[in-house]
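The exercises below are meant to be worked through with the sequence and the model open side by side. Each task is followed by a solution that proceeds step by step.

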Amino acid sequence: MILKGPTGCGKSAILLERYRFMVENLHVPSEKILILLLNRTQSLEWRTKTILKGSSVIWRTSYYGFIQGEIKTYYPMIVKNCKEIVNKRIKPIFLTFESAQFLVSKVIEAQRESKGIFTGVTAYTDRIAIDLTANLVKAATSDIPYHEIGDRLYNALELKDDMKKQIFKDADSILAAYRKRCMELGIFDFGMAVELYNNCLLKDENYREQLFSRVQHLIVDNIEECVPTEVDFIEYILPNLQSCMLGYNHEGGYGEIFGSNHEYVKQKLIGKCEKIELTKSHTCSDFMYEFSDMLFDSIENIKGLKPVEKTGIERVPPTELRSEMLEKVGERVCRLISHEGYNPSDIAIISTYADPVTEFVIGRILEKQGYQLKNLTRKSRVIDNPFSQALITLAQLCHPSYGVLPNRDDVKALIRLLLKIDPVRSSLLAGEVCSQRPFAEFPDVEFPGLVERIGYYNVEKYEYIRTWISEYRERPTPLPINEFLQKVFLEVLISKEVTEGDILQAKNLIDSAQTFVDVVSRFNRNASRDFLTMIRGGIKSAESIFEIEEKLEGDFVLLSTPVAYLASSLKNKVVILTSISSKNWTPRSVKELSNAHVLTKTWNPQDVYSEELEEQNQKHYLAVLMRAILKRCKGRLITFESNLSASGYENDGILSEYFDEILQ
Amino acid sequence: MALRKGQKELVEQYRGGYCAVPAIPGGGKTHCLSLWAVEMIAQGIHKPGKILIVTYMNTAVNNFKQRISAELQKRGIPGNKDYFVSTIHGLCLQIIKEKPDLISANEEFDIIDEVNKAHIISAAVLEWKKHNGDRLRQFVDESQLSAGRITKAYEDWEDKIGIVILSAIRDFKSRGLSPQEAAARCKILGNHSMLKIAADIYEIYDRKLKINGFLDFDDMLYNAKRILEEDESLLEKYRKKYSFVCEDEAQDSNLIQSEILTLIANGNLLRVGDSNQAICGSFTSSDFTFFKSFCELPQTTVYHITQSSRNTKEIIELTNYFVRYVRQDHPVLECRESLLPQFIEPVPDDDERRNPTTEEYGIKARVFNSWEDEAAAVITQANYLMRKYPDKTMAMLVPTSWRIGYVVNLLEARNIPYEQLDNTSKERNRTVRKLGRIIDFIALPESAQKLADMMDECFIPDNLTDQHDTEQQLEDQSRKQHKSMLKEFLLNASTEKILYPLGGEIEKELVPEELKSSAVWEEFVGKLDTARELLEFPGTIVEKLILFISEKLEFNKEERAIAQKVASDVRFLMSQDPYWTLSKLADELLSSKNMFNFFANVVWELKGYEPTPGKLTVCTYHKSKGLEWDIVFLTGLNYADFPVTLNDKFIGEYWFLKQEYRNPQAFVKAEIENVVDGKQGTDCVLSSKLETISEKARLLYVGITRAKQYLFLSGFHANPGKKNETPPSKYLIELKSFIDERGSK
């Protein structure tokens, strides 16, 4: 059965209620019900509510999580069915996106300088790596063989030439080599996992039997955002289920750039199920409900109505510079709270790039009035946290042979954190540390000239750390980085002042080190060293479910990108859209090495992806996105824009033009 | 304001097709072009598209925007979205951003700035040298060098080769040749060919550019054109988007720019310019003949603007005399066409804005004994006139930027208020510099020098008001003294004892009595808390640190915009180079040519430049384009900067190279013409000299026409009769005799 309705019609609530009813009233064993959810924020909603009296194991996961679990459990079956896995005795491991990108970028980097691959491509190597790994995932989740990726993309080009042909060939060969190596070693990314599951488990009769007996009921929310192989999976087990409840937002589909395929969902599932339609939305005002549809029609070139009443929408005239705009946003938010009676948590600021600068500028203005801003988008790096950075700096000091020595700024920060010395004296000491030969190390306290300027601060602690490092360096072999971090955390860093947040960060860091070491050491690389390099390169930090929960529930003004906002289930009284004249609202889906629409099941490989189509897709994306955002706006909409972009060039995006047109 | 001859026809009659408006200096181009746009918008003739105005600099863009929007507002017409003003680079960027994938570029590509470009080209040269040893040395003329000077010559040559290669790369690109194609064309050339070397390095340069995600300005123009040509639907989109295309300063257009605008215009193309003011040929590939031939097309309607009320009739007379001199008596026959016979007419006496007048003859010319004498004398004269005419604006035009540096130092020493019009001027760089000073200190807080510099530049201003009466001057004087005492004191102290004294307070006996009782000391102590706050701010998130500095220093709106830009770029820089440190960032910020110049200029230029009386504007002749002042000093009119005959000295010639390579840029240009265009036997050195002479004549023409009321021309004649004799420019001699004769009447 499909529950069909727009944002805020109460689908998810009904799905939850149905689950409760099955477990509590019908006494269906909870381990026989598979719940597939979109992401972690959704999972959070379900987490507390699915723990019921009488329930045993709760099977609540994402599609990727489900596949990982199945592969782990049935790995012997996989090894039997898959010829490509060479080392059959070791357990499978799964790559995070970051590790996958790191591995691919290392391969590209070397070949770009020496062999001149990707000639003619103007892009950083890590950007290329991101595109290639994403292509592999998209192809796999759309059931497209990996060796057809390059051809498919090249064939779809409107303008073809030899240079481009070569570029896609280069991409194919990099991916093929990477994939082959991963398979041999039993390391899988999302794409490979999907491929293995479909080819080596679902095709196995024994597995199918077990699957059907284990899954008797299925609940999936937001099927419009499912990737095609997930849709196939649902369709496949459908006939064997006792019951199936699917939540479907027919106005959704903003995740197509990330691989979901609304069209495919319509083809495969919508006709096969009984439908219940919900029409009323409880998350937005009547006015906004109508306006969101009008804006949708206007962007999609459907001649529609224009609003008569416009009081729900406030358009702030454009500023010249983007910085001025951000400040105006901050000031407006303060007024909303102090003069117009809104609570901070009533307000959401949507920005296409909710970067630290945006966050800081608006945040500081709010802070001065005593309000807080939280960024829903995960943008902070591991080394942004002083505590994690201290861990990394210590790791670098203890492993001089890795050749990734810490710089003076890092050592200074470490000394301040550990010894609580003022910044000037910390810096003096850091200078001495870094100038030791052959490698940076903590000098003897009695080092000439040092004590005179620094004084005797925390000498005991200093001596302790100094000895700890030198003893560690004398070890015949270094510890793997995850074990090292654990050790240094417990033996050096932990103290009374360490906050819960710091501990959480350290735990995240140690966990990701562990995963990374597991993966990379199989490639015969020095994983510990690679990990330090990768962290220094600024990879983002993982976010625990608690941190997300905190952001969603406190009394904060929220800053978010449109997609992160939609992935949450938040609704707000005031929605503020920033930079609406920016082009970032309509990201281009054709990139130098990828095209989200071509690597899908619904794409005909013989077709050419024309500019007309791209324009249509961009508009459609914008229309869907805006409608979904506005459907979560209970009261007012405020828009801001600037004439110049962040880098000082003229903005000429289309969103503000649609607003102009419809509000004329 | 009433419209004059030429202006009126444009505003009232031009409604489509090809149209050219050749306009003399001071003819009110911006004014009438803006009025035309407003008229079109008022009548809705441009609908459904927009009017596109392409001009040469951001200041001009803002000038147009302000005028059009003010006029629309005055007439009560909504239509701020009916026109779009942009530089050609802004337009090309917009086109490429539509479809970066067409040229295989990531959407996050960046436009390379001059600083990074210099880095990349020298890295490319270095890489090339690794595999090709001393091949560069064959061009150096060792025969006339002593052993000691040979090494110096090699160094100089390696220093200059980047410029030569970049100019060759530009020439390749302007012919649409990719590195691979260029290499293929040059294959037949031997190892002694400079062009072949350039082609090799082009390949390396291009690879490095791309790996770093950069396009350069030439790539932008070339790729924008390619995209428009290859992609019909995009071209169609642009044609619909812009129903009228208008090019300002059309004389400085180059071939690609011309082609791009012609493509988009689809028949409705309006070009405004003045061939006599074409001064960009030597550093872009611009060519004023494009505008001239556009005017001559049979389908082009031409409206001449010939009247100007900018200058006094005397200055107009001098200008016209100069045009006549060049056309009739220029010693080099081939250069007589460098100025077209466009003579400026003063406005009729019944015009509402008449030409200004002066009581006496307002033009003077002089030759000094050296550049030092000349600069000093001009500044003295300027200072005198500033007091005599406190309401008049004035400017000093200087041929090269290193001479500007000299002038600025003199002005500072003499405490004369001035303003420097330059992308790297102190004022424009002030924000970035302040950030640099503070980060430099945070990176190394134990350095007494860094603490002293930061306090001096960021926290304790030189003077508290802008007034310049005697009392204030005395106060400023004593303030200066105290400031230098403070500096002295800080330089000799240990910073930890100043910022974090063990007793909680700075030891009193260390501080000199006079300093302790001064206002400067009080301010200093007051700022120590801020300094500590900055130091203690968590340094792990550098972008937040930068924004925090901007807050603590109470930056104004423009400064905050620049700080935000620095902050957002920092994250990116750090991710590209994990070993990026605060010190490195400080170095970048403190250098006068830094990666933030472009954005700082965008912000600066939004404010626009309005000459202010009581301040001397200092700028190059090039930068003076489009501007005007009551009083203008044209300086440095000597034979190297304004050559007239073929025997004069030419900039860009390297004495240490063999005779045939002395002007390597011209040599490489000729090689390209030979290999790529199939042109045989052009005397490259000669044609480059002719081009330089012609352009410098136009540059002087631009200079002369900047002056509204008073004009002073000067040069110097140094070391007469000696080997290193530097005579004045022949133009100065020629004009001087004319001026002296008129002045004596």
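## Exercise 1: Domains

Task: Describe how chain B and chain A are divided into domains, and state how far apart the centres of selected domains lie.

Solution. Begin with chain B of this predicted model, where the domain assignment gives domain 1 (7-97 + 222-305), domain 2 (110-212), domain 3 (363-421 + 610-648 + 697-743) and domain 4 (426-606). Next, take the C-alpha centres of domain 2 of chain B and domain 3 of chain B, which lie 36 Å apart. Then turn to chain A, for which the assignment gives domain 1 (2-58 + 216-277), domain 2 (96-192), domain 3 (313-378 + 554-663) and domain 4 (382-536). Finally, the centres of domain 1 of chain A and domain 4 of chain A, again taken over C-alpha atoms, are separated by 47 Å.

## Exercise 2: The interface

Task: Characterise the interface of chain A and chain B by its residues, its buried area and its polar pairs.

Solution. First, list the residues in contact: chain A contributes 70 residues and chain B contributes 76 residues. Second, consider the area buried between chain A and chain B, which is about 6,600 Å², with 53% of it given by carbon and sulfur atoms. Within the area that chain A buries against chain B, Thr122(A), Tyr124(A) and Tyr649(A) supply 12%, more than any other three residues.

Third, look for charged pairs across the interface of chain A and chain B, where the rule finds twelve salt bridges. One example joins the side chains of Glu327(A) and Arg560(B), with a distance of 2.5 Å from N to O. Fourth, count the polar contacts across the interface, of which there are 22 residue pairs, both residues being at pLDDT 80 or more. On the side of chain A that touches chain B, helix H15 (residues 356-368) of chain A gives the most, with seven residues. Sorting the residues of that side of chain A by character yields 23 nonpolar, twelve polar and 35 charged.

## Exercise 3: Pairs within a chain

Task: Find a salt bridge within chain A and an aromatic pair within chain B, and say which elements each one joins.

Solution. Over all chains the structure holds 97 salt bridges. One of them lies between Glu195(A) and Arg179(A), whose closest N and O atoms are 2.7 Å apart. Placing these residues shows Glu195(A) in helix H9 (residues 190-201) and Arg179(A) in helix H8 (residues 162-185) of chain A, 16 residues apart.

For the aromatic part, a search of the whole structure finds 45 aromatic pairs over all chains. Among them, Phe84(B) and Tyr242(B) are stacked, at 6.0 Å centre to centre and with 20° between the planes. Because Phe84(B) belongs to strand S3 (residues 83-87) of chain B and Tyr242(B) to strand S6 (residues 242-247) of chain B, the pair ties together parts that are 158 residues apart in sequence.

## Exercise 4: Backbone details in loops

Task: Locate two cis peptide bonds and a residue with positive phi that is not a glycine.

Solution. Start in chain A, where the peptide bond from Arg437(A) to Pro438(A) is cis, with omega near 0°, and where Pro438(A) sits in the loop between helix H18 (423-435) and helix H19 (450-454). Continue in chain B, where the bond from Lys47(B) to Pro48(B) is also cis, with omega near 0°, and Pro48(B) occupies the loop between helix H2 (29-43) and strand S2 (50-55). Lastly, Asn524(A) has a positive phi of about 60° although it is not a glycine, and Asn524(A) is placed in the loop between helix H22 (500-521) and helix H23 (527-536) of chain A.

Methods. Residues numbered from 1 in each chain as written. Chains lettered and ligands numbered in written order. Heavy atoms only, no water. Contact = heavy atoms within 4.5 Å. Buried area = accessible area lost by both parts, 1.4 Å probe. Salt bridge = Lys/Arg side-chain N within 4 Å of Asp/Glu carboxyl O. Polar contact = N/O pair within 3.5 Å; in protein donor to acceptor, adjacent residues only side chain to side chain. Helix = DSSP H or I, 4+ residues; strand = E, 2+ residues; numbered from the N terminus. Nonpolar A, V, L, I, M, F, W, Y, C, P; charged D, E, K, R; others polar. Domains from an automatic or database assignment. Phe/Tyr/Trp six-rings, centres within 6.5 Å; stacked < 30°, edge-to-face > 60°.
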